[in-house]
Amino acid sequence: MRKQICILGSTGSIGTQALDVIEQHADKYEVYSLTANTRVELLAQQARKFNPAAVVVADESRYQQLQDLLTDLPDIKVYAGKQALCDIVQAQPIDMVLTAMVGFSGLEPTIHAIKAHKKICLANKETLVVAGELINELAMAHRAPILPVDSEHSAIFQSIVGEGDNAIERILLTASGGPFRLLPEDQLAKVTKADALRHPTWDMGAKITIDSATMMNKGFEVIEAKWLFGVEPEKIQVLVHPQSIIHSAVQFEDGSVKAQLGLPDMRLPIQYAFSYPDRLPLNGKRLDFFSQPLEFFKPDMRKFRCLQLAFDAIKRGGNMPCILNAANEVVNEAFRADRIGFLDMPRVIEETMQKVTFDAAPSLDTYLQTDAEARQKASELVAQLR
């Protein structure tokens, strides 16, 4: 029988590539439900092609538009709203949930999917950034496996498969360095949104591309790696690797290093999360070892202040990573709207981290309250800069 998949965020970069994987292996996978935030036209197109049992648009104001677009397909149920996202992931036929929503909004649907014992293919890194300890506890209690979809964490996972209880001495987390790797620090104040959106190796959504430019995305991945693999941040080393060929590596106690290599193609980690422990054929180009050198550099933590802030947040623990994430979502959106400059982003995040109420042992309610408080404080700080 074909595995039934729910895609949270099917109209984004990860979601659309996941649908390509499903289409290539239609004998093994079937779409049960698709969801989007606001992009109802694309969601309707996907529904017509993959014929899911249900579609959900998070923005309730788009419900009627989506309903009208699918009125001739009565077998596809149409829902709207945040609660509908939490409800759909619990549907009995679903075998796995790909969490490809961007930002904090992915947390609660993921929790509901875990409680429903679904296999989680995790592409929403903010879920573990914000509430890693809670998510791990719930996953263990409900026996819900979490398979990483981020290329770096998938590479780490692939490197430890078969290693049993062998201790990890160090995780080598690679980063492209983004579009400003070689730009002098004193010129960062002048960069524009268009500059930041020109990523050198990966094709991603706008929010994640900006996070890559600030290296906050890599900071989030450090936090995510801690919770996925049980390794303290002191044992996670970030390597700037401009070619994005080595997606990450693991060093063991005997000094040996295992890495996963491949071309920058998110379909590979998506497919591996779906098919693990099996490897399936995947259409696409293959790696040519003779085409380019493989280079590595230390990240400039002063130039890319957001990366240091992420290390600071996970070291403090508690709800501090939640504060970090909320402030980052605010400043990322403000930068994309041309309301603040590139260097304003880490300044606002750092000040928000200093001013929002800290809780060393947060619950889910605490995370929700922290997120709201941090967004409000960060928004006030952004307004003061205008």
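This passage walks through the domains, strands, helices and a few unusual residues of one predicted chain. Since the model is predicted, local features need pLDDT of at least 70 and side-chain atom pairs count only at pLDDT 80 or more, while totals for chains, interfaces and linings use all residues. Residues are numbered from 1 along the chain as its sequence is written, and side-chain values use heavy atoms, with hydrogens and water left out.

To start with the overall layout, the chain splits into domain 1 (3–148), domain 2 (151–263 + 285–302) and domain 3 (317–385); these bounds come from an automatic or database domain assignment. Between the C-alpha centres of domain 1 and domain 2 there is a distance of 26 Å. Their contact (heavy atoms within 4.5 Å) draws on 13 residues of domain 1 and 14 residues of domain 2. The size of an interface is often given as the accessible area lost when the parts come together. Here, domain 1 and domain 2 bury about 1,200 Å², with 71% of that on carbon and sulfur atoms; the figure is the accessible area (1.4 Å probe) that the two parts lose on being put together, summed over both. On the domain 1 side, Lys125, Val129 and Pro148 give up the most area, together 45% of what that side buries.

UniProt, in an unreviewed entry, has its own labels for parts of the chain. Residues 5–132 carry the feature "domain: 1-deoxy-D-xylulose 5-phosphate reductoisomerase N-terminal", and residues 146–229 carry "domain: 1-deoxy-D-xylulose 5-phosphate reductoisomerase C-terminal". Such positions follow the numbering used here, the feature names are shortened, and annotations may be inferred rather than shown by experiment. In the model, residues 5–132 are 41% helix and 22% strand, with end C-alpha atoms 24 Å apart. For residues 146–229 the make-up is 44% helix and 13% strand, and the end C-alpha atoms lie 11 Å apart. Helices (H or I, at least four residues) and strands (E, at least two) are DSSP runs, numbered from the N terminus.

Strand S1 (residues 3–8) is a handy place to begin with the strands. Five of its six residues are buried, so S1 is largely enclosed by the rest of the structure; buried means under 20% relative accessible area, exposed over 50%, and partly exposed in between (1.4 Å probe, protein chains only). S1 pairs in the parallel sense with strand S2 (residues 29–36) over six bridges, where pairing requires that DSSP finds at least two bridges between the strands. S1 also runs parallel to strand S5 (residues 96–99), joined by four bridges. Cys6 takes part on both sides: its bridge partner in S2 is Ser33, and its bridge partner in S5 is Val97. Together with helix H1 (residues 13–24), S1 and S2 form a right-handed β-α-β unit. Right-handed here means that, with the strands pointing away from the viewer, the path from the first strand over the helix to the second runs clockwise.

Next comes strand S3 (residues 54–57), which is covered on both faces: Ala54 and Val56 are buried on one side, and Val55 and Val57 on the other. S3 pairs with S2 in the parallel sense over four bridges, and Leu34 stands opposite Val55. Getting from S2 to S3, the chain passes through H2 in a right-handed β-α-β crossover. S3 also has four parallel bridges to strand S4 (residues 77–80), where Val78 is the bridge partner of Val55. With helix H3 (residues 63–69) in the middle, S3 and S4 make a right-handed β-α-β unit.

Asn37 sits in the loop between S2 and helix H2 (40–50). Asn37 counts as exposed, at 51% relative accessibility. Leaving aside residues up to four places away in sequence, Asn37 touches Val57, Ala58 and Asp59.

Finally, some backbone oddities. Most residues other than glycine have a negative phi, and most peptide bonds are trans. Asn51, in the loop between H2 and S3, goes the other way with a positive phi near 50°. Met215 likewise has a positive phi, of about 70°, in the loop between helix H9 (206–214) and helix H10 (216–229); Met215 is buried, with a relative accessible area of 3%. The peptide bond from Tyr276 to Pro277 is cis, with omega near 10°. Pro277 belongs to the loop between H11 and helix H12 (305–316). Helix H11 (residues 267–275) is itself mostly covered, with eight of its nine residues buried, among them Arg267, Tyr272 and Phe274.
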